[in-house]
Amino acid sequence: MSDFSFWDIVRNLATGLQWTLLLSLVAFVGGGVIGLLVMTMRISRNAFPRNLARTYIELFQGTPLLMQLFLVFFGIALLGVDISPWLAAAIALTLFTSAYLAEIWRGCVDSIAHGQWEASASLALNPLEQLRYVILPQALRIAVAPTVGFSVQVVKGTAVTSIIGFTELTKTGGMLANATFEPFMVYGLVALGYFLLCYPLSLSARYLERRLHASA
Amino acid sequence: MAYQFDFVPVLANTDLLLRGALFTLELTAIGAILGVALGTVGAVVRAWKIQPFAWIFGVYVELIRNTPFLVQLFFIFFGLPSLGLKITEWQAAVLAMVINLGAYSTEIIRAGIQAIPRGQLEAAAALAMTRFEAFRHVVLLPALGKVWPALSSQIIIVMLGSAVCSQIATEELSFAANFIQSRNFRAFETYALTTLVYLCMALMIRQLLNWIGRRFVMRNSR
């Protein structure tokens, strides 16, 4: 029954890897958009949105990703909506990513000299315009390296979605390990798959960090 | 018809949740102590470029930091027995946590060691400190003091990450949650309460580590 050749295993894992990659991209892009919104609330001068954003970030950073997944998966089902593991995974991972990116970017925005806000205010820009045209372009430079670095966490986070039954790389590996009775080799290959995705990201994060530090 | 929330069937199992939480804390405590110890060795070896160990630790750090904890756990629990190494599920969980935290803390503590000016060691030698005294008071404690907040965060991340250990049937908090919701069919309420317990544990560990940091680590460094 276990008539899987080595190349069958690799081919199946490659399919799982594509889903891992797709989920990572969706979560990263979606998380970036929501994260920008949360970050804007987090630095607001108005206490209500600021505290709301802070609670949001604390909640996602203080609880396991697995629980966030379960809550989205079972919570949306309670509303009477049939939700696929893929959608639940995408939503939960997007929210998770947005909380971390919001906090990373807040740090970058905070590191911009305060005089920049005052100078742009004196040019009659409203706070959002100040952020958009003066602060963010400068913060972006600082933000690139830690953002790329965090993308590694997003890719690794997708592994947890296998638990609610989304067939990405880890889930595929689990099924193959059961079918072939070769868990050592299969999980070794799964780890290699993640490494191939993450290591280039880690390297570029380090490279960007060094380059931006050198010219700063 | 609107869904009626009912937390009573979950609260009836508070003892199971607490037992799970306690086990998670135990795993975290052992994992944190051994993981930071491993990280300290790795950091010294890497910072002082003691070959070939510096190279070995370098590869280890990259391998662990670029693969998911869940896969590391599966590799240890399902993969190692096929090499003839039998381990129980809680041993696998602890081993995975130690190996994971060891890699991250190697890099964190190394940054602390490298931030210590060379002159400090020369000054220690001038004060006739033995090499061990100098290492302890001039290198290790100040280095740990510098990176203590980052190290604390990493320990909390490992604690939260240990939730996936339920997948190999380690009977920690999320395992208890899975067990409870499989009997009362109140999945959302069960996981909501469990999430709250995790949040409390994260805040508690943060306070505890802050206290340890102030009391023992950052006493004479800034």
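In chain A of this predicted model, 75% of the contacts between residues with a separation of 6 or more link residues that are 24 or more positions apart. The chain in which these contacts are made has 8 helices and 0 strands, so that, because helices and strands are taken here as DSSP runs, its elements read α-α-α-α-α-α-α-α from the N terminus on. Taken along the principal axes, the C-alpha atoms of chain A fill a box of roughly 75 × 50 × 25 Å, and of the 216 residues in the chain, 41% are buried.

How confident is the predictor in chain A? The average pLDDT of chain A is 92, and 98% of the residues score at least 70. Within chain A the lowest confidence falls in helix α8, residues 183-215, with a mean of 90, while the highest, at 96, belongs to helix α2, residues 47-61.

Just ahead of helix α8 of chain A comes a loop that deserves a closer look. A:Phe181 lies in this loop, between α7 (169-180) and α8 of chain A, and has a positive phi of about 60° although it is not a glycine. Is A:Phe181 buried or exposed? Since 9 other C-beta atoms lie within 10 Å of A:Phe181, the residue is exposed, the cut-off for that class being 12 or fewer.

Chain B offers a residue that can be described in similar terms. B:Phe185 is placed in the loop between α8 (173-184) and α9 of chain B, and it too is a residue other than glycine with a positive phi, of about 60°. B:Phe185 has 9 C-beta neighbours inside 10 Å and therefore counts as exposed. Another backbone feature of chain B is found in the loop between α2 (14-47) and α3, where B:Pro52 is located; the peptide bond that joins B:Gln51 and B:Pro52 is cis, with an omega of about 0°.

For a wider view of chain B, one may turn to the record. An unreviewed UniProt entry carries the annotation "domain: ABC transmembrane type-1" for residues 21-209 of chain B. In the model this span is 80% helix and 0% strand, and the C-alpha atoms at its ends lie 18 Å apart.

Among the helices of chain B, α5 (residues 89-114) and α7 pack against each other at an angle of about 145°, their axes being 8 Å apart, and the crossing of the two is right-handed. On the α5(B) side, the residues that meet α7(B) include B:Met97, B:Leu101, B:Tyr104 and B:Ile108, whereas those of α7(B) include B:Val139, B:Leu144, B:Lys146 and B:Val158. Sorted by class, this contact of α5(B) with α7(B) comprises 15 nonpolar, 4 polar and 1 charged residues.

It remains to see how the two chains meet. In the model, 31 residues of chain B are in contact with 28 residues of chain A. Which elements of chain B give two or more residues to the side that touches chain A? They are α3 (53-65), α4 (69-79), α7 (131-161) and α9 (187-217) of chain B, and the element that gives the most is α9(B), with 10 residues. The residues on this side of chain B divide into 20 nonpolar, 9 polar and 2 charged. Helix α7(B) thus appears twice in the picture, since it packs with α5(B) and also gives residues to the side of chain B that touches chain A.

Methods:
Residues numbered from 1 in each chain as written. Chains lettered and ligands numbered in written order. Predicted model: local features only at pLDDT ≥ 70, side-chain atom pairs only at ≥ 80, totals over all residues. UniProt positions renumbered as here; feature names shortened; annotations may be inferred. Helix = DSSP H or I, 4+ residues; strand = E, 2+ residues; numbered from the N terminus. pLDDT = per-residue confidence, 0-100. Contact = placed C-beta atoms within 7 Å. Nonpolar A, V, L, I, M, F, W, Y, C, P; charged D, E, K, R; others polar. Axes fitted to C-alpha atoms, helices over the stretch in contact; angles between N-to-C directions. Left-handed = near helix turned anticlockwise from the far one by under 90°. Buried ≥ 20, exposed ≤ 12 C-beta atoms within 10 Å, placed from the backbone.
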